[in-house]
Amino acid sequence: MDKAPIKLSVTCMAYNHEAYIRDALEGFVSQRTDFPFEVLISDDASTDGTAAIIREYAEKYPDIIRPFFQEKNLFSQGIDPLDAVLFPAARGQYLAACEGDDCWTDPTKLQRQVDFLDAHPDYSACVHNSLGDFIGSGQDPKPLFPQTGDRDIGFDTVVRGMSFCFHTSSIVARREWIVRSPDFRYVGWKYQFTDYAVAIWLALNGRIRFLDRCMSTYRIGSNAGAWSSGVGQYYDKRIHFVTGEREMLKAVLPHVTGEQRAQTEQVIREREFELLYLQGRTEELVKPAYRDLFRAKPFSFRAVTRLKNAFPRLHRWYRKKRGYGE
């Protein structure tokens, strides 16, 4: 008798995740489902023991784990392993994602999400709550999003950013809306992120269901080389990230009309406001184009900004001393 077709493909990208990859792999193989699924994992030429651990699991679970070992690091060559390696190999009707330094923590995760999508064809994706684990902080992991019950997530929430909607490790989506990438996803890739663009694309092509159950862990600060590591601490990296979000959102505009366009333009203004602040151009924050955003800020922010504007030379000296440039 022929085996049942693969219903879901998991994509996992790993690079120097030796300390965490075993947790990710255990989260995959512990899933209890009534359908066949596969895990496509690309090791991007790790220099630690990541590849050896992946080989161990591929030998132990050959019906689940399908490894791809890169001889040269694709990311450093400007090649997306998802597009180049994993998406073409995926056989599932649905796609799920989990990075090698994150992990799934609930063995019912995939079954719950696939059951929902099977029963609701008008939804593009099913996601869930996740625990945020700030590595080295000494804090216990906690839910990334307020626990207010299962709910739908609309474009108006997703367009504001990933910190408002769901984490990548929670996504189970219909294959066509992941593999068929819009142009703005590649703008995100240029700035070393794609999750925000993928989330927007899912919201534009169906409804998204959020299950208020923590079924994965997102490790923040697990890899010093990751684009997101230290994003809130390092000036240049933050500038690069916010610029990327603004440019990606500009590329979204041709895909939206009406209320969605207005919502996108509002978030673009918010990113521009943040860039002006990061660049020290505080005098522009109080001009008419951004006045409503300025007035919505806490009193302390407004007061400090007005002091900076009143003493521009002192402000420039302070920024130079802190290494923020002119």
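The legends below describe close-up views of a predicted model.

**View 1. The cavity and its lining.** A search of the whole structure finds one cavity of 30 Å³ or more, and the space within this largest cavity is about 30 Å³. Its lining is made up of Trp177, Ile178, Ser181, Pro182, Arg185, Val198 and Trp201, with helix 6 (175-179) and helix 8 (195-204) as the elements that give two or more residues to it. By class, the lining residues divide into five nonpolar, one polar and one charged.

**View 2. The open sheet of four strands.** The strand order in this sheet is 5-12-7-8, and the pairing is mixed. Strand 5 (103-104) and strand 8 (142-143) are the edge strands, each pairing on one side only. Strand 7 (residues 131-134) pairs with strand 8 in the antiparallel sense over two bridges, and Leu131 has Pro143 in strand 8 as its bridge partner.

**View 3. Phe28 and Trp104.** The ring centres of Phe28 and Trp104 lie 5.0 Å apart with the planes at 80 degrees, so this pair is edge-to-face. Because Phe28 belongs to helix 1 (residues 21-29) and Trp104 to strand 5, the pair ties together parts that are 76 residues apart in sequence. Both residues are buried, and Lys109 lies over the face of Trp104, at 4.7 Å from the ring centre.

**View 4. Phe75 and Trp189.** This aromatic pair is edge-to-face, at 5.2 Å centre to centre and 85 degrees between the planes. Phe75 is partly exposed, with a relative accessible area of 38%, whereas Trp189, at 19% relative accessibility, counts as buried because the cut-off for that class is under 20%.

How values were computed: Residues numbered from 1 in each chain as written. Predicted model: local features only at pLDDT ≥ 70, side-chain atom pairs only at ≥ 80, totals over all residues. Heavy atoms only, no water. 1 Å grid on protein atoms, 1.4 Å probe; cavity = no way out; pocket = protein on both sides within 12 Å on 5 of 7 lines; lining within 4 Å. Points joined across faces, edges and corners; volume = space filled by probe spheres on them. Nonpolar A, V, L, I, M, F, W, Y, C, P; charged D, E, K, R; others polar. Pairing = 2+ DSSP bridges. Phe/Tyr/Trp six-rings, centres within 6.5 Å; stacked < 30°, edge-to-face > 60°. Buried < 20%, exposed > 50% of the residue type's maximum accessible area, 1.4 Å probe, protein only. Lys NZ or Arg CZ within 6 Å of the ring centre and 35° of its normal.
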